Amino acid sequence: MQQPGDRIFAASARGAGILILVVLAGVAAFLVIQAIPALVANPADLPGGKNIAVYVAPFVFGTVVSSAIALIIATPLAIAVALFITHYAPRRLAQGLGYLIDLLAAVPSIVFGLWGLAVLAPAMLGLSTWLNTYLGWIPLFAGPVSVTGRTMLVVGVTLAVMILPIITAVSREVFLQTPKLHEEAALALGATRWEMIRMSVLPFGRSGIISGAMLGLGRALGETMAVAIILSGSSIITFNLISSGNSSSIAANIALNFPDSTGVAVNTLIASGLVLFVITLLVNSLARYIINRRREFSGAN
Amino acid sequence: MKTVRHSARARIAAVGIATSGALLLAGCGASNETAAPAGGGSGGSSAAVSGTINGAGASTQQVATQAWVAGLQTNNPDANVNYDPSGSGAGRTQFIAGGVQYAGSDSAMKADEITQAKAKCASDIVEVPVYVSPIAVVYNLQGVTDLQLTPSLIAKIFNKKITKWNDPAIAAVNAGKTLPDKAITPVNRSDKSGTTANFTDYLSKAAKADWTYPGADSWPIQGSEAAQGTSGVIGAVKAGDGAIGYADESQAKGLGIAKIQVGTTYVAPSAEGAAKLLEAATRGTDGGQYVFSYTLPRTTTDPSQYPITLSSYMIACSKYADAKQGALVKAYMSYVISPEGQQAAASKAGSAPLSDAVRAAITPAVNAIS
């Protein structure tokens, strides 16, 4: 026997769920329909004059590289911060720190962009020069060092700062849910605090860390303004992280070139947007898959 | 509980008062403007015009447009002009499709575009230069204040054939200056822009042998330092020791500005030089009596002219189906090309005012609008 209230609630919840799917399908349909003219167009008419895959490839590369740098830097840092808040810091301090990190997540990306451009870029000149001098034999640091500092490395670090709060917040929530019994059992067996964390907290929180990292990755992949104003990007593929020539990212390229584009150039940009959409979809599916595989003994479901 | 609700209501009331206060202030401001003495001579029509026209096109004109619209509204409080800085190409396309009443464009209409536009307007097309601005080659080089460059040197620097500031080729035209042994970092726009189009057009004509790319609104060379917008380029040049870039002369304060070889001397960018260049430009013959598309003489040898100059056009129908709309377009464009309008753009956007000779040439075209 269902009350009317139950039925209304069930229907509206179902409606909300369906609405999400409709919106997503609508976005996908828009991207596909708008991208088709670029996909079927004569390659000579496209910006760059080559086929669409050649046009998009450098931007895909730039998107992936900048996000990868961000993730490599931010994930370990976020885990450390989350562990400190949940297991090391005094309770008062932990609470304050938690608020602060949530606050950091609310800073608009353009502010991070300006900060990266005005503060971080010049500040990292020294590091870039050092990397080039001593590690120049690695293609990543081959140089020549950019004098303005508007490089892929700086973008990666800026993105890392931007996604740090998300990964930290998710990891912290999961670490807090570690069963107290596990922790106490580990301590009772003579484990040190670090051993206890390794034995009980980290395994329990692993899928939470992964989903946090994937959320962060999603933000890094789609980040537009910060990349557009910091990065000295162009349509090239290069592993060099510290020189003037960098691979631009998909989102930044769209933002920079959309305003003055017409005709099939617009369709080309939308086609690159479709590629980004597919990449983020793949990343999220992969994350889901990893989390589901480790469903047992985990705090994230 | 009661006090809470009360205070909430009080707050809403306060917000309401503040809002209406702001509206009131805005209203005051507007009425003050209308009450201001009708000083600006708005070219042809003296009767006040009203209504709304929409334009779209080059972002170059965006700042100047704000000044022009404000100037127009001084005498015509009921007139409104909306401008969508969607880009030159988009502006022309929208104009041809009939979506906007006028277009702003950094390059003149092509012949087939004029044909299409004529068909849409069912009349002649009016195309006149309204915004002229010198583009400076800016650099950041400690201790070097008076750099001189030839077109060929600029081309070789920007296509990275010359990579050091103390290159003998640069030293040869800068006798007596000590040039540091520093790498050159050329900075270009990362977005599409009319500035890039005019700069590359200049290089393709004045430095044919060293610059093999055609003039285009996106930078042709990949892998050099690129920055967004004029402010981005200026910022990158300021930040980078040994950097060189190109940007609107009005934004170049605080940076070294290179003198460019014209004939046998070296010329710094100036509003007068830019206006003079337009004056010396040859007018395209096709398109009709009201189309003033100019080919700027990039290879000029007259030192009173500055060859790296951007000229941006305003495009309109010469006859509008709606007479009221036609009157408004005419009044607006008359103000834009008037000395007052050009001065307003110069002080707000840093453009070079049109010279009297150019104004005399294009005024009949604007007056023909109805």
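Let me start with the open sheet in chain B of this predicted model, where three strands are arranged in the order 5-10-11 and the pairing is mixed. Its edges are formed by strand 5, which covers 148–149, and by strand 11, which covers 265–267, each of these pairing on one side only. As general background, strands of a sheet pair through backbone hydrogen bonds, and they can do so in either a parallel or an antiparallel manner. For strand 10 of chain B, residues 259–262, and strand 11 of chain B, the sense is antiparallel, and the two are joined over three bridges. One residue pair to look at here is B:Gln261, whose bridge partner in strand 11 of chain B is B:Tyr266.

Those two residues come back when we turn to B:Thr150, which sits in the loop that runs between strand 5 and helix 5 (151–158) of chain B. Is B:Thr150 buried or exposed? Its relative accessibility is 11%, and because the cut-off for burial is under 20%, B:Thr150 counts as buried. If we set aside the neighbours within four places in sequence, the contacts of B:Thr150 are with B:Val173, B:Gln261 and B:Tyr266, so that this loop residue touches both members of the bridge pair I have just described.

Let me step back to chain B as a whole, which holds 12 helices and 14 strands. Of its 370 residues, 50% are buried, and the area that chain B exposes is about 15300 Å², with carbon and sulfur atoms supplying 55% of that figure. Among the contacts in chain B with a separation of 6 or more, 73% involve residues that are 24 or more positions apart.

Helix 8 of chain B, residues 229–239, gives an example of how burial is arranged within one element. Which of its residues are buried? They are B:Gly229, B:Gly232, B:Val233, B:Ile234, B:Ala236 and B:Val237, and what covers them includes four strands of chain B, namely strand 4 (125–139), strand 6 (185–189), strand 7 (225–227) and strand 8 (243–248).

I will now move to the interface, where 22 residues of chain A are in contact with 22 residues of chain B. Between the two chains an area of about 1700 Å² is buried, and carbon and sulfur atoms give 47% of it. On the side of chain A, the residues A:Val147, A:Leu256 and A:Asp260 supply 34% of the area which that chain buries against chain B, more than any other three residues.

As for polar features, eight residue pairs are in polar contact across this interface, and the count of salt bridges between chain A and chain B is one. That salt bridge joins A:Arg150 to B:Glu225, with the closest N and O atoms 2.6 Å apart. The elements that give two or more residues to the side of chain A touching chain B are helix 9 (225–230), strand 1 (233–234) and helix 10 (250–257) of chain A, and the largest share, three residues, comes from helix 9 of chain A.

Finally, consider B:Ala90, a residue of helix 3 (88–97) of chain B, which is buried with a relative accessible area of 11%. Not counting residues up to four places away in sequence, B:Ala90 touches A:Ser261 and A:Thr262. The C-alpha atom of B:Ala90 is separated by 24 Å from that of B:Asp322, which is 232 residues away along the chain.

Conventions
Residues numbered from 1 in each chain as written. Chains lettered and ligands numbered in written order. Predicted model: local features only at pLDDT ≥ 70, side-chain atom pairs only at ≥ 80, totals over all residues. Heavy atoms only, no water. Pairing = 2+ DSSP bridges. Buried < 20%, exposed > 50% of the residue type's maximum accessible area, 1.4 Å probe, protein only. Contact = heavy atoms within 4.5 Å. Areas by Shrake-Rupley, 256 points an atom, 1.4 Å probe, with all protein chains shown as cover. Buried area = accessible area lost by both parts, 1.4 Å probe. Salt bridge = Lys/Arg side-chain N within 4 Å of Asp/Glu carboxyl O. Polar contact = N/O pair within 3.5 Å; in protein donor to acceptor, adjacent residues only side chain to side chain.
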